[in-house]
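Me: Can you walk me through reading this one? I'd like the general idea each time, then the case itself.

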Amino acid sequence: MASIAAAQVQEVRSITRIERIGAHSHIRGLGLDDSLEPRAVSQGMVGQKMARKAAGVVLQMIREGKIAGRAVLLAGQPGTGKTAIAMGLAQALGPDTPFTSMAGSEIFSLEMSKTEALTQAIRKSIGIRIKEESEIIEGEVVEVVIERAAGGGGARVGRLTLKTTDMETNYDMGAKMIDSLLKEKVQAGDVITIDKATGKINKLGRSFARARDYDATGQQARFVQCPEGELQKRKEVVHTVTLHEVDVINSRTHGFLALFSGDTGEIKSEIREQINSKVAEWREEGKAEMIPGVLFIDEAHMLDIECFSFLNRALESETAPVVIMATNRGITRIRGTNYQSPHGIPLDLLDRMIIVPTSPYSHQELREILNIRCEEEDCQMSNDALTVLTRVATETSLRYAIQLITTASLVAKRRKATEVSMEDVKKVYSLFLDEHRSEQFLKEYQDEFMFNDGGGDAPQLMEVAQ
Amino acid sequence: MNDQEKVLKYLVSVEKLAEEILADKREIVLLDKRRNHNREALRDLTKSNQQKCWMTVGSMLIKNNLETTKNLLEADQRQLNIEINKLRCDLKVKVNNLRDLEMQPPVPGLMLVPLSQKETQGMSNAGLFP
């Protein structure tokens with residue numbers, strides 16, 4: 001099973017360009033079969049069967065558009081795969097469904113109010129699908145004839161012969177078309193498209209049949225097949241844009257460049273209202289479809305009471321996305337108040353949520369996860385090293401054990417070994433402290449550190465530090 | 001036995017629909033070919049300075065008045081445009097039906113009404129459409 005998952009992982013990686021290896025880059029989906037039953041190890045997911053099944057049900061509901069305006073809470077101890085499940089959900093939804101991921105602390109910024117940040121995040125998670133349609137003429141150029149009137153002046157006449165695999169035809173051209181043909185340097189053997197409405201000429205490449213015309217070609221020479229079928233085609237492209245993108249291009253102070261620079265600042269509420277009504281109009285005319293997406297808020301306990309009440313209200317709007325929150329807190333103080341509440345989330349909001357718990361991984365599952373991470377980081381690990389690492393993961397934390405993979409593989413590379421052995425793992429285990437050992441060390445030597453409560457020789461140590 | 005009949009019936013319906021789609025596509029190609037021929041003929045007629053011209057009807061050559069030939073061709077072009085559009089619209093429905101039969105989800109946004117020219121322009125100017 002693991003090898004199948006690994007093969008899939010490898011396959012995907014070879015297609016897409018190599019990306020940075022992130023903490024959750026090994027996750028390709030939720031790892032469910034068609035009947036939503038979780039497979040033990042699949043798509044980078046291990047264990048956590050109940051939570052994954054629950055996420056699968058949520059996924060199905062999102063796809064059917066049933067759960068918009070509700071929220072899901074992933075609750076569990078640190079390192080039990082809450083973020084992994086959310087990432088898997090995002091992958092399983094596919095690229096067409098907007099998925100926004102943010103951390104709870106992201107909303108605290110000096111440039112933007114908290115509600116503005118939340119509104120932007122919500123609108124980033126709602127997509128609209130619109131269609132662009134154009135009539136184009138697509139074909140391979142057989143010949144271009146341009147006749148200049150004698151003496152240079154006067155009108156030029158031109159004739160363009162285009163063909164597809166099924167037909168061939170002539171077009172008479174006026175001065176403007178001749179100019180744009182000359183500008184694009186169109187010659188016989190090129191495959192071009194002409195937009196009927198605007199007259200824009202687009203060179204797609206050279207036809208394969210003409211590949212042997214020259215002995216030496218530039219690097220940018222791209223060869224394409226001669227188009228099939230009719231010459232005059234109708235091209236329909238469906239685009240998915242988020243409401244936030246539409247907001248940004250319509251907020252005049254920033255213009256569309258803000259889309260790329262990322263600094264959008266605050267967007268006026270009038271603009272949002274205008275866009276809402278425009279989108280409603282489009283939906284009425286059948287020009288647009290709404291796609292409620294997913295807003296994922298990690299570390300949701302970092303939100304304060306104002307945000308929670310704002311979310312509470314925002315969820316009631318008819319175009320609300322599905323909000324998924326993750327938290328690792330138990331019963332704790334709600335930020336901004338003195339009240340205690342489960343997960344640090346007010347009870348009225350909790351009431352709207354479906355809560356999905358995650359539980360700590362078992363020994364065997366930890367081993368599987370470490371194995372997958374090893375593959376993800378291109379690191380060969382011997383069996384006993386993996387056993388030691390799994391033990392480290394059970395005794396300290398999974399995150400610490402995952403850190404050791406990279407470091408141990410570097411150590412192994414230093415001694416020119418192809419495989420990470422137990423000694424490498426032991427070495428990095430002694431080099432890098434985990435949180436527990438670090439704490440112990442601090443307790444032991446707290447007198448020698450600065451500003452400790454025990455009161456020690458602080459000034460003397462400062463000199464050392466300098 | 002009953003199962004076999006069911007499978008056969010299902011396969012027949014899928015194949016029939018698929019064949020229809022292919023036939024429609026070929027039809028569009030043929031119609032477009034005729035449309036292009038007509039267009040070339042119309043262009044040549046405007047350039048000619050004679051009163052009459054030859055036209056083929058089936059395997060017959062007929063000498064005809066230039067004006068009436070032009071009108072005939074233009075009427076034919078209009079009819080062709082209508083037919084191509086109709087075929088294209090029906091094709092969408094058929095493709096969705098076929099996908100339905102094959103247990104695949106419908107193509108997203110296939111039935112959407114396209115944005116107007118101006119709206120498309122605005123969107124692509126803003127960089128939303130690549």
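Reply: Start with the elements: helices (H or I, at least four residues) and strands (E, at least two) are DSSP runs, numbered from the N terminus. In chain B the elements run α-β-β-α-α from the N terminus on, that is, three helices and two strands. Keep in mind that this is a predicted model, where local features need pLDDT of at least 70 and side-chain atom pairs count only at pLDDT 80 or more, while totals for chains, interfaces and linings use all residues. Residues are numbered from 1 along each chain as its sequence is written, and chains are lettered from A and ligands numbered from 1 in the order in which they are written.

Me: What radius of gyration does chain B have, set against a compact globule of 130 residues?

Reply: The radius is taken over C-alpha atoms, and the globule rule is 2.2 Å times the number of residues to the power 0.38. That rule puts a compact globule of 130 residues near 14 Å, but chain B has 22 Å. Its C-alpha trace spans about 70 × 55 × 20 Å along the principal axes.

Me: And how much of chain B is buried?

Reply: A residue is buried if 20 or more other C-beta atoms lie within 10 Å of its own, exposed if 12 or fewer, and partly exposed in between, with C-beta atoms placed from the backbone. Buried residues make up 6% of the 130 in chain B.

Me: Which residues does UniProt list as "coiled-coil region" in chain B?

Reply: UniProt positions are given in the numbering used here, feature names are shortened, and annotations may be inferred rather than shown by experiment. The unreviewed entry lists residues 63-104 of chain B. In the model that span is 86% helix and 7% strand, with its end C-alpha atoms 55 Å apart.

Me: How many residues of chain B touch chain A?

Reply: Two residues are in contact if their C-beta atoms, placed from the backbone, lie within 7 Å. By that rule, 21 residues of chain B are in contact with 29 residues of chain A. On the chain B side, α1 (2-47) and α3 (117-125) each give two or more residues, and α1(B) gives the most, with eight.

Me: How do I check a helix, say α13 (residues 398-414) of chain A?

Reply: The expected span is 1.5 Å times one less than the number of residues. For the 17 residues of α13(A) that makes 24 Å, and the end C-alpha atoms are 25 Å apart, which agrees. Its buried residues, including L404(A) and A408(A), pack against α11 (363-376), α12 (383-395) and α14 (422-431) of chain A. Just after α13(A), K416(A) takes a positive phi of about 60°.
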